[in-house]
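Here are my notes on this one, written for someone opening it for the first time. Keep the viewer to hand and hop from point to point.

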Amino acid sequence: MTTAPVLGQPAAAYPAAPRTGRAGLLAVPVLVISVCAVLGVVLAGSTALRLLFALAGIAVPVTFQAALYVRQRSLAGDLHRSQSSFRTLVKSSVDPVVILDDTLRVTFASESAAELLGLDAARMIGEPVTGRVHPDDRASLVGALNSPLTDGTDFAVRTARVQHADGRWRLIQATVRDLRTDPDVGALVLYCRDVTARVPAPGFDPELAELSLTDPVTGLPNRAALVRRLGAVQREAGRPFALALVGVEGLASEVLTPDAEAAVLRSLTGRLTRALRGEDWLARGKDGDFVVLVDGTIADAETVAARLVAAVGPLPIPGGTLHLTAVAGVTALLADVDTGEALRRGDLALRSARNAGPGAVHRYLDALRIEQDRRDALRTDLDGALSRGELRLVFQPVVDVVMHRTVSVEALLRWRHPVFGEVSPTEFVPLAEESPLITELGRWVLREACATIAALGDTDLGVAVNVSARQVRSGELVPDVISALETSGLPSSRLIVEITESVLLDDSHVLEDLTVLRQLGVRIAIDDFGTGWSSLAYLVGMPVDVLKMDQYFLSNVEHDPARRAMCRAVLHLGSSLGLPVIVEGVTNPAVLNLLRDMGHRFLQGYVFSRPLEAEQLADGAWEAWVELPAPVPTTAAEAPAQSAAMPS
């Protein structure tokens with residue numbers, strides 16, 4: 001059986017009768033033997049011999065005829081059982097099935113197809129399929145039935161008006177599967193569905209109706225058709241249904257032309273439909289996702305989703321291969337959950353799967369809804385958090401382990417929510433970066449950090465401020481920095497602006513702005529160094545003063561020689577360029593000892609101090625010092641000196 005591309009029904013016509021030449025081949029020796037027997041009768045001398053040859057001439061063909069009869073009975077039984085199985089499958093099909101021969105005449109119609117038009121299934125046999133189609137729709141339908149042979153695809157979706165036995169016109173959407181070249185089928189198979197919302201009014205345009213329900217690229221039902229189908233399914237009592245949402249990654253490729261992208265989507269649709277079970281129903285969702293209505297439980301949906309995800313993979317395209325991956329989210333359809341909520345739950349499960357990585361299949365859980373509700377609440381409340389005084393800065397010291405003193409602090413944004421309490425920056429900063437709000441927050445952090453450090457009085461303590469890529473690209477960074485310095489009175493040499501590596505690869509105006517800041521005396525640091533586009537090639541000549549090594553390198557550094565080698569490599573790189581390296585995320589004395597023995601001089605982390613509130617900073621808590629463990633002797637090769645001093 002063959003899986004239908006859209007409606008998910010078994011695509012098969014009556015099994016073709018066995019095509020064999022064995023009967024003809026057997027007839028030849030039978031004829032020869034019979035002729036010989038007859039000649040023997042004529043030529044034999046005695047009556048006994050004549051009788052013997054005559055009996056032999058009769059026995060041989062009778063024996064062969066008996067054997068042929070037994071074989072024909074066996075083949076007829078196999079064919080009958082095959083046709084009975086086919087009828088059983090078609091009768092159990094959710095959607096009506098019609099099978100056509102090469103002349104577009106009906107060779108089979110399921111009972112549901114006959115009921116759809118109020119006809120007798122037996123009367124439909126031999127009738128042309130266009131007999132009851134509206135005259136204005138016949139040409140389009142005939143073209144769709146023939147197009148699979150000319151455009152390289154094996155299915156098409158068309159909508160046409162078909163006359164019911166009572167004279168009314170019904171709007172029927174048919175998925176056409178061309179199996180005429182299949183030796184086991186040799187027919188066109190139509191999967192039909194009634195999409196009539198009401199009796200078509202005069203001037204009804206079937207093409208507009210088709211466009212409103214069909215995805216123009218893949219020919220699948222679109223989201224509007226999906227919502228309509230879900231509404232109908234949820235009204236069915238006693239049958240479990242579930243949703244599987246499949247997200248495909250890698251389609252947004254710059255190498256694809258619009259025509260190539262359409263071809264890829266059609267190929268992908270073919271893969272997905274072949275992975276479906278006969279009773280499943282495939283449609284297009286929002287943002288290019290695919291949605292499957294699964295006839296079964298959520299466990300069935302997980303099984304189907306896993307098959308669909310596995311079916312997605314590399315696709316050949318002109319000039320190479322497009323590497324695609326997929327994830328899926330599944331959710332049950334419940335009677336007390338409306339269609340919109342069901343789709344939202346599926347989206348949440350799909351989002352969770354995307355966070356997990358390629359190949360993941362996640363089930364909807366109430367925890368995902370709670371998490372999403374929290375995220376939505378934070379996104380809404382963040383907009384007014386600054387004006388309500390809920391945001392504040394804390395300051396993380398950076399320690400010079402050679403001079404045993406704090407040389408600078410990093411300003412970190414914190415949010416104390418009136419309901420959720422302390423909200424982690426890893427949670428709310430990405431929400432802020434989704435909107436222009438991040439630029440406003442960045443401007444406030446600059447002013448507040450400069451004012452706080454300037455208020456400490458006679459000290460050379462510096463302050464580092466993280467600046468978002470959006471703020472840098474906005475072109476407002478230079479005036480924002482100048483305003484913060486002038487308002488606070490902080491010397492420009494005590495301000496460090498931290499940017500990510502990727503910002504250096506942006507438009508030329510970004511480099512110009514950073515160069516202007518350096519000319520003003522502000523220092524530029526690359527944050528999370530080593531996790532992006534790090535290389536000597538782009539660092540040389542760039543407006544950079546400090547490298548901040550990401551704490552990723554410290555994971556299991558005590559026991560992993562490769563991590564230790566990377567820590568040494570970053571230090572060597574900074575030393576060769578005359579750039580001091582700050583190591584972030586130092587949390588215990590063992591790591592501190594290891595880094596110090598390597599030659600790292602500037603360290604930051606909980607091993608020295610947790611981020612300090614502004615009041616603690618004003619009280620001089622940043623000057624507190626933790627006694628270091630005794631240094632372990634190392635060779636010069638193992639501990640390159642960090643000669644570039646941290647500017648102060």
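**Notes for a first look**

1. Let's start at a loop. Leu104 sits between strand 1 (97-100) and strand 2 (106-109), in the loop that links them. Its phi is near 65°, a positive value in a residue that isn't glycine. Is Leu104 buried or exposed? Leu104 counts as buried, because its relative accessibility is 12% and the cut-off for buried is under 20%. Do keep in mind that this is a predicted model.

2. There's another positive phi to look at, again in a residue that is not a glycine: His404, at about 55°. His404 belongs to the loop between strand 13 (391-400) and strand 14 (405-417). With a relative accessibility of 39%, His404 counts as partly exposed, whereas Leu104 counts as buried.

3. Now for the overall picture. How many helices and strands does the protein have? The count is 20 helices and 22 strands. The protein has 648 residues, and 48% of them count as buried. If you take the contacts between residues at least 6 apart in sequence, 66% of them join residues at least 24 apart.

4. Next, the nonpolar cores. The largest has 74 residues, and Val463, Val481, Leu495, Val586 and Leu595 are the ones with the most contacts inside it. Which helix gives this core its largest share? That would be helix 13 (residues 437-454), with nine residues. Apart from this core there is another one, made of 30 residues, including Leu220, Val246, Leu276 and Val304.

5. Val586 deserves a closer look, being among the residues with the most contacts inside the largest core. Setting aside neighbours within four places in sequence, Val586 touches Leu554, and also Val591, Leu592 and Leu595. The rest of its contacts are with Leu603, Gln604, Gly605, Tyr606 and Val607.

6. On to a helix pair. Two packed helices are described by the angle between their axes and the distance between the axes. Helix 11 (residues 366-385) packs against helix 12 (residues 425-433) at an angle of about 60°, and the axes are 10 Å apart. The crossing of the two, helix 11 and helix 12, is right-handed. On the helix 11 side the contact is made by Arg374, Arg375, Leu378, Arg379 and Leu382, and on the helix 12 side by Glu427, Phe428, Leu431 and Ala432. What kinds of residue make up the contact of helix 11 with helix 12? They divide into five nonpolar and four charged, with no polar ones.

7. Ala113 is a good place to go next. This residue lies in helix 3 (residues 111-117), and at 3% relative accessibility Ala113 counts as buried. Which residues is Ala113 in contact with, leaving aside neighbours within four places in sequence? The answer is Pro96, Val97 and Val98. Val97 is 16 residues from Ala113 in sequence, and the C-alpha to C-alpha separation is 6.0 Å.

8. Thr175 is part of strand 4 (residues 169-179). Thr175 counts as buried, with a relative accessibility of 1%. Its C-alpha atom is 8.8 Å from that of Gly219, and the two residues are 44 apart along the chain.

9. His134 is in the loop between helix 4 (121-124) and helix 5 (135-146). You may like to compare it with the other histidine loop above: His134 counts as buried, at 15% relative accessibility, while His404 counts as partly exposed. Leaving out neighbours within four places in sequence, His134 makes contact with Arg161 and Trp169.

10. Pro479 has its place in helix 15 (residues 477-488). Is Pro479 buried or partly exposed? Its relative accessible area is 45%, so Pro479 is partly exposed. Arg443 is 36 residues away along the chain, and the C-alpha atoms of Pro479 and Arg443 are separated by 9.9 Å.

11. Last, the cysteines. A disulfide is a covalent bond between the sulfur atoms of two cysteines. How many disulfides does the structure hold? It holds zero. As for burial, Cys192 counts as buried at 8% relative accessibility, and Cys450 is buried too, with a relative accessible area of 0%.

Key. Residues are numbered from 1 along each chain as its sequence is written. This is a predicted model: local features need pLDDT of at least 70, side-chain atom pairs count only at pLDDT 80 or more; totals for chains, interfaces and linings use all residues. Side-chain values use heavy atoms; hydrogens and water are left out. A nonpolar core is a set of buried Ala, Val, Leu, Ile, Met, Phe, Trp, Tyr and Cys residues joined through side-chain atoms within 4.5 Å. Buried means under 20% relative accessible area, exposed over 50%, partly exposed in between (1.4 Å probe, protein chains only). Helices (H or I, at least four residues) and strands (E, at least two) are DSSP runs, numbered from the N terminus. Contact means heavy atoms within 4.5 Å. Axes are lines fitted to C-alpha atoms, for helices over the stretch in contact, and angles run from 0 to 180 degrees between N-to-C directions. A crossing is left-handed if the near helix is turned anticlockwise from the far one by less than a right angle, and right-handed if clockwise. Ala, Val, Leu, Ile, Met, Phe, Trp, Tyr, Cys and Pro count as nonpolar, Asp, Glu, Lys and Arg as charged, and the others, Gly among them, as polar. A disulfide is a pair of cysteine sulfur atoms within 2.5 Å.
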